[in-house]
Every structure is written in C-alpha cells, then in structure tokens.
Amino acid sequence: MMLESEALWWQKGIIYQVYPRSFQDSNGDGVGDLNGIRQRLDYLKWLGVTAIWISPIYPSPMADFGYDISDYTGIHPLFGTMDDFDMLLKEVHQRGMKLILDLVPNHTSDQHPWFLESRSSKNNPKRDWYIWKEAKEDGAPPNNWLSVFGGSAWEWDEQTGQYYYHAFLKEQPDLNWRNPEVQEAMFNVMRYWLDKGVDGFRVDVMWHMIKDEQFRDNPVNPDYDPNTADYEQLLPVYSTDQPEVHDIVHKMRQVLDAYDERMMIGEIYLPIHKLVTYYGTDNNGAHLPFNFMLVSLPWEAKRIASAIAEYEGALPQYGWPNWVLGNHDQPRITSRVGLQQSKVAAMLLLTLRGAPTIYYGEELGMRDVPVPFDEVQDPQGLNMPDKNLSRDPERTPMQWDRSEYAGFSTVKPWLPVSSTSKRVNVEVQTSDPYSQLKLYKRLIELRQREPSLMVGDYVPVYSDHQAIAYIRQAPGATRFLIVLNLSHRPCYLKLQRLQIKGKVVLATATELEGMEITEMIQLGGDDGIIVVLAS
Ligand code: NOJ
C-alpha cells in the first residue's frame, strides 16, 4: 500500500512526452525547438502534467531523427543552444514541473567521434567500444541477427575488413557495454545532465544493451506474420534481454541514487514477466520500466482486464506501475480505437494505479496523419515501403489553433499538419466543455486531487467481453468505482455482490454526471464513468 505522504513525485505525477521536432517551432524553420517548448510551458502547467519527457535534442545527423547521437552533452542547433536548454530547465522548475531527457546509451551515430575513432583502425584504443567481428569464411556476417529497421544487423567495413553490429540503422552502431570504459563514459554523460538539474532519463531500448557473449544465431520465429517488420522473422533471444543487462541497469541506478529523487524510465518491449525484472532485485533497477501493454494488446475488455491483473500480480512489492497509450513509435490511440473509444482509453490511463504517460496531442484526440508516399521521412517506413510501417503519421505537428500551420509554425512544417487541425486544436477545445482536452484536464485534476486515484490500491471488481470495472481506494480517503465500456454497444453490469451506492462524478459523456449508481449499471457504447462511492 502506498500513502500519498510517502509517494515520490514520479509516483504521484503524470508524464507528458514532447517530440521536440513537432511541438512548437519558434524560429520559423518548420521544425520544433527548445524555445518553442518553453513558450508552451503554461499550457502544460494548465493541463496539470508533472513531468515533461523530451525525445532527443542532442547534435545528430538525424538519420533516425535524433536517436542517432553524435554528441551526448550538446544541443542540436536545430533545437537551439545550451543557453536555451538551461532557460527551459529553469522555467520548467519555476513552474513546479520536472524535466526528463531521453538517453540513448545502446548506440551512437556513426558520426560520433567515438565511432570515427573506433572504425579508423583495428588497433585504435576505441576499437572495442563498439561491436566488431570477423566475417564468416565465405564472407557472410558473423551471425543471422537482423536490424529492427530491416536487413542484416551487420555492416561490412571495407577499410578495416570487419563487420560492426547495429540493432537499428547502419548509421547507429551499437556500443559494446561489456567494455568498462564505455560504461564510465555513459555514466559521465548522465552525471553531466544530472548536475545541471535534469530530473531523470527515459532510457532508449534498455533491453538491447547487452548481447549474448557468444553471438549465437537467433532462432526462427514460427509465428512470423509477413505483414510485420522483417525483424520479426527471428526471435531475438540472443540479441536482447540478456541476464547481464541487469548489472548495467543497476549501475545506472547507482549513478542516479547519488542525487536527490532523480529517476529512470526504461523503454522495454517485453512480456510482463520479463518486463518486471527490470525493476531490479531489491529496488535497484529502473524506477519505471515502461509498460506498453495498452499499446500492444488488442483493445478487448477481457484481454485488457486479465493483463492488468497479471501486471499487478507480477510487480515486485517495491515496483511502481506505469501506463502508456502511445508514443512516437506507435500509431496514435485515436487511430487504433476510434475517437469515441479513445475517451474511454483516457479514463483508463488516468485512473489505473501507476504513473501515466501522455503522448503530445493525445489530449486533443489527434489522429495519425496520412503522409504522401513520396514524402515519407521515417527510415523504418523508407526501408520497408510496402508494410506501412512509417512512424511519420504519429509525429505530425501539434495542433494549437485554427491558423494555416495550426500555430505550430509560420512556414510549412517538416511533416504535414492534419487536415482536421481547424477543428481539432487546443484553442477550439479549450472553450468546448465536451472536448477531449477538457476530458483530459478534468481527469488529471480529479486524479491529482484524490489520494485514492493518485496512489490508492487497485481492486478489480468486474470484467466481461465488453466492460471492466475496478475500485481505487486509499486508507481513509474517498473511494472510487471506475466502469469502462470498451465496446461500441451498450452493456450491463450486475455488481450485486458489492452493494454499490454512489454518484457519477466524471463521465466520458458529461450527461451521465450526477447520476446515482446502484448495483445494476447500464452504459452506452464507448461510455466510461467514475463513481464516487458512498462511504
Ligand atoms: C526507440 C526509439 O523510441 C525509436 O524512435 C528509435 O528509432 C529506436 N529506439 C532506436 O533508437
């Protein structure tokens, strides 16, 4: 049980992900920047979020839009200067909010000075900072490992006659985390930002960081679906999630623990029983291993109810849960489940136990935006053109107002603005009491005001093929029943056993607010309600 008085900021708080290229352009080049984010801090404060996570802002050739870093302690001129960053951090803190940076320790850019040195000769002192291997006798790569972005994960280097490993693009060579110098260099990067006052990191592809020492071939995936990425042809059992990764995560945690209340989120796509091991043994791992089940599961009440139960049951006693509906790598929730149902998803995200992360624009019901085939920018889309895997659609400019470029920029932005931006935007939705934005704001307000919703226990009370219901309760605090219809058709719930009595305080359809609730509940399709329970 967690008491509000004992909860840390990242346990009580709400995280908001900013994709910096697409949030706010302040200098008229069509790409978002740090000063742009700073201009919008009052909006984020008004919305009620606690912490802002910004995807990478460091110098980068942008082969993977910033996830290919060429200097871990600099700022890309496209995003601004270090002074701009310092000012942003100061203003975030002045508003009582926190700032989380993206840390990409698994790989660098191929233009990073470390890699330039490493590839310069076989006996360069930094050769072993990356993963270099001899070709097989016939010249083939050392093993069958595949790149997430398509093709072999091994790139031949003509000059030194060896292959190097890259889990992502060939422009993103993987660091060799078995080398203590690499570890220390990255821990120093962390210290650099922590010394500046950054509140935490979202750690990119944490489960990739160490590979099998023997580099054994990955086995074939018997369930491969050719509509998915080529990478799915193999099961990455030797290239990811190796036991030694936990020592690394633990060492990163020690770096953080030398400071006050800093935190680390791990990006980890793994089944629940493996995911929870990233909390570490005895609370010495990641604070929040990202839980992507609401991103990956089919949107079906039964599946979701049982996954929540499985997750709650698998968490170590010190592990704080967290929830995500979308991010810059995934189709937006509104495009997956529809606008009406995305309101139910919002209610789920913001009433479950654990830290919610909101992806920018989710609060407006922004949809994935179609990008003309010949304008695709994302390397994942470009490398596998027939599979519709581009991530551009979920990365389009934030929709602030009715103006031509939605208030994001004064010029044509790097990705198209949604054709719906004249009605789906912050300006319009702020004055519409029924809007998605108002729903998010009210859900956040309620959650942050009520100890039961913020830190209370999760008690599942009902689920069937359409709906799920649960109670949130903290000692001595007002209790809440949450009932969500995850289907589009009306549903009935018979909760006799529970002797429910209460009143709807917040609903996806505001007309339901104030309604008295007893043990027989009927909801319309796509309806979700939060009921304050009579004590
Ligand atoms: C995960 C990031 O979220 C994604 O955008 C990126 O392409 C890969 N890691 C590689 O860094």
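A charge is taken to sit over a ring if NZ of Lys or CZ of Arg is within 6 Å of the ring centre and within 35 degrees of the ring normal. The charged end of K126 meets this description over the ring of W129, at 4.7 Å from its centre. The charged end of R21 likewise sits over the ring of W414, 4.1 Å from the centre. The model is a predicted one, in which local features need pLDDT of at least 70 and side-chain atom pairs count only at pLDDT 80 or more, while totals for chains, interfaces and linings use all residues. Residues are numbered from 1 along each chain as its sequence is written, and side-chain values use heavy atoms, with hydrogens and water left out.

W414 also takes part in an aromatic pair, one of 31 in the structure (rings of Phe, Tyr and Trp, the last by its six-membered ring, with centres within 6.5 Å; planes under 30 degrees apart are stacked, over 60 edge-to-face, and the rest tilted). The rings of F65 and W414 have centres 5.1 Å apart and planes at 50°, so this pair is tilted. It joins distant parts of the chain, 349 residues apart: F65 belongs to the loop between β2 (51-54) and α4 (82-94), and W414 to the loop between α13 (379-383) and α14 (426-430). Here helices (H or I, at least four residues) and strands (E, at least two) are DSSP runs, numbered from the N terminus. Both partners are buried (under 20% relative accessible area with a 1.4 Å probe and protein chains only; exposed is over 50%, partly exposed in between), with F65 at 8% and W414 at 11%. Elsewhere, Y16, F23, Y43, W46, Y359, Y360 and W400 form one aromatic cluster.

The backbone of the loop between β2 and α4 deserves a friendly second look. F65 has a positive phi of about 50° although it is not a glycine. M62, in the loop between β2 and α4, also has a positive phi, near 65°, and is buried at 13% relative accessibility.

Attention now turns to the ligand. Of the 14 residues around the ligand (a heavy atom within 4 Å), D64, H107, D204, H328 and D329 come nearest. By class, this shell has 4 nonpolar, 3 polar and 7 charged residues. An N or O atom in the side chain of D64 lies 2.5 Å from an oxygen atom of the ligand, and D329 also provides a side-chain N or O atom 2.5 Å from a ligand oxygen. For R391, a polar side-chain atom is 3.0 Å from an oxygen atom of the ligand. The protein covers 98% of the 290 Å² of accessible area that the ligand has on its own.

Note on methods:
A polar contact is a pair of N or O atoms within 3.5 Å; within protein, one must be able to donate a hydrogen and the other to accept it, and residues adjacent in sequence count only if both atoms are side-chain atoms. Accessible areas come from the Shrake-Rupley method with a 1.4 Å probe; for residues, only the protein chains shown count as cover. Ala, Val, Leu, Ile, Met, Phe, Trp, Tyr, Cys and Pro count as nonpolar, Asp, Glu, Lys and Arg as charged, and the others, Gly among them, as polar.
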